[in-house]
Structure formats: C-alpha cells, structure tokens
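Here are a few notes to read with the model open. Have a look at it first, then go through the points below.

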Amino acid sequence: MTPTEYTEEVGWVGEDVWHAHCVHLDDPGIALFARTGTGVAHCPCSNMRLASGIAPVRKMVDAGVKVGLGVDGSSSNDSGNLLDEARLAMLSARVRDQEPGAMTAREALRIATRGGAEVLGRGDALGRIQPGYCADIVAFRTDDIAMAGGQSDPLASLVFCTPPRVQWSIINGRVVIEEGHLLTRSLPHIIEEQNRMAEQLMA
C-alpha cells in the first residue's frame with residue numbers, strides 16, 4: 001500500500017493529526033487528507049537542503065488540505081526563519097509547477113499564519129489579528145534597505161525581500177523584541193552558547 005493508505009490503515013489521519021513534509025503525497029493521498037481534515041507541515045528549506053523533493057502544495061491547498069509551515073530543525077535548516085520559509089514555499093511552488101502564478105506572496109503568508117493555526121487545531125485563537133485571539137504579532141520596518149522599492153505592495157515585499165530582522169515581536173501580549181533588541185535573554189550569551197554546543201557536537 002502507499003504511505004497514505006498505510007496512515008489510514010493505522011488511524012494516523014484526522015482533524016487532530018498532521019504530517020511533516022509530504023513531498024511525495026499523491027493525488028489519492030491529497031484527497032484522503034482533505035476528506036479527513038489531516039494537516040501538513042510544509043518545510044521547503046529542509047526539503048531542498050536534503051534534496052527530498054518539492055511538496056505539491058498548490059494541489060493540497062486547492063483540494064482543501066490544511067497546510068502550514070515549519071522549519072523542521074537545525075540539522076536540515078540553518079536559519080529557522082519562518083518568513084524565509086514562506087518565501088521558499090512560494091518560490092518552490094512556482095518551480096514545481098513551472099508557473100509564476102502557482103503561489104502568490106499573500107497565499108504564502110496565509111499558509112504561514114492562518115494555515116499553521118488550522119493545522120494545529122488553533123484556528124479559533126491564532127493566525128490573525130482580531131479581538132479574542134492570542135496577541136502574537138511581529139512587525140518589520142518598511143524603511144529598511146531590504147524593503148527599498150517595495151512601498152507599492154509592502155505585503156508582497158515582506159515575502160519577496162524577506163527583511164532580515166524582526167523589529168517588534170509580541171507573544172501572547174508580552175513584548176519579546178523591541179526595536180530590534182531581544183529583551184528576554186542576552187543575545188551574545190545565546191551566540192556563545194550555540195557556538196559551544198556546535199563544537200561539542202562536531203567533536
């Protein structure tokens with residue numbers, strides 16, 4: 001049986017289930033996931049880094065499959081940047097289908113926000129800015145060099161240009177990054193700790 005037939009056989013489908021990657025999900029598998037409400041965590045950077053393949057995201061979305069974004073992990077994604085993941089999701093969908101309209105910047109942002117919330121079963125509390133939802137917000141400067149020339153469509157520029165640094169990050173109402181500065185921990189200490197752990201791993 002196919003991998004998706006196996007997931008159905010053992011009960012690994014449903015509203016409370018999501019699968020990572022799904023680069024080889026076939027048409028019957030897509031239909032199964034859509035019918036059962038099974039979600040997909042699309043990790044394009046990891047898939048490209050490991051040459052795993054390109055997930056058929058356009059087909060999934062059009063069929064009604066819940067699709068969100070993930071970065072997989074540091075072993076196959078060296079930045080962990082969700083905004084960059086949205087850009088790669090958009091570009092890889094275009095390459096897969098050889099069609100510039102296969103995914104727009106707005107569709108990529110929807111997958112990164114509302115899509116992820118739906119995959120996690122949190123569509124009623126996450127993924128958009130509105131009363132009653134968690135106060136999770138990130139903000140970027142539009143006057144940064146990375147966004148220069150993009151004022152006609154700042155939303156598209158956010159995905160296409162991928163500004164390198166978040167200026168403000170609020171998580172559940174708590175300010176974590178303010179004007180580009182991390183407030184919760186010492187950034188030099190984090191970098192030192194990471195470098196030390198990397199050296200131990202390589203040894």
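1. The buried residues of helix α6 are covered by a set of elements including β1 (18-20), β2 (39-42), α4 (57-63), β3 (66-69), α5 (82-97) and α7 (154-161). Contact here means heavy atoms within 4.5 Å. Helices (H or I, at least four residues) and strands (E, at least two) are DSSP runs, numbered from the N terminus.

2. A word on provenance: this is a predicted model, where local features need pLDDT of at least 70, side-chain atom pairs count only at pLDDT 80 or more, and totals for chains, interfaces and linings use all residues. Numbering starts from 1 along each chain as its sequence is written, and side-chain values use heavy atoms, with hydrogens and water left out.

3. Which residues of α6 are buried (under 20% relative accessible area, 1.4 Å probe, protein chains only)? They are A105, A108, L109, I111, A112, G115, G116, A117 and V119.

4. Note that α6 has a kink of about 40°, centred on I111, with the bend taken as the angle between axes fitted to the seven residues ending there and the seven starting there. Just after α6, G121 has a positive phi of about 70°.

5. Now for the strands, which pair if DSSP finds at least two bridges between them. β5 (residues 168-171) and β6 (residues 174-178) run antiparallel, joined by four bridges. They form a hairpin with two residues between them, and N172 in the turn has a positive phi of about 50°.

6. I177 in β6 is the bridge partner of S169, and I177 also stands opposite L182 in β7. In the hairpin of β6 and β7, E179 takes a positive phi near 50°.

Key. Buried < 20%, exposed > 50% of the residue type's maximum accessible area, 1.4 Å probe, protein only.
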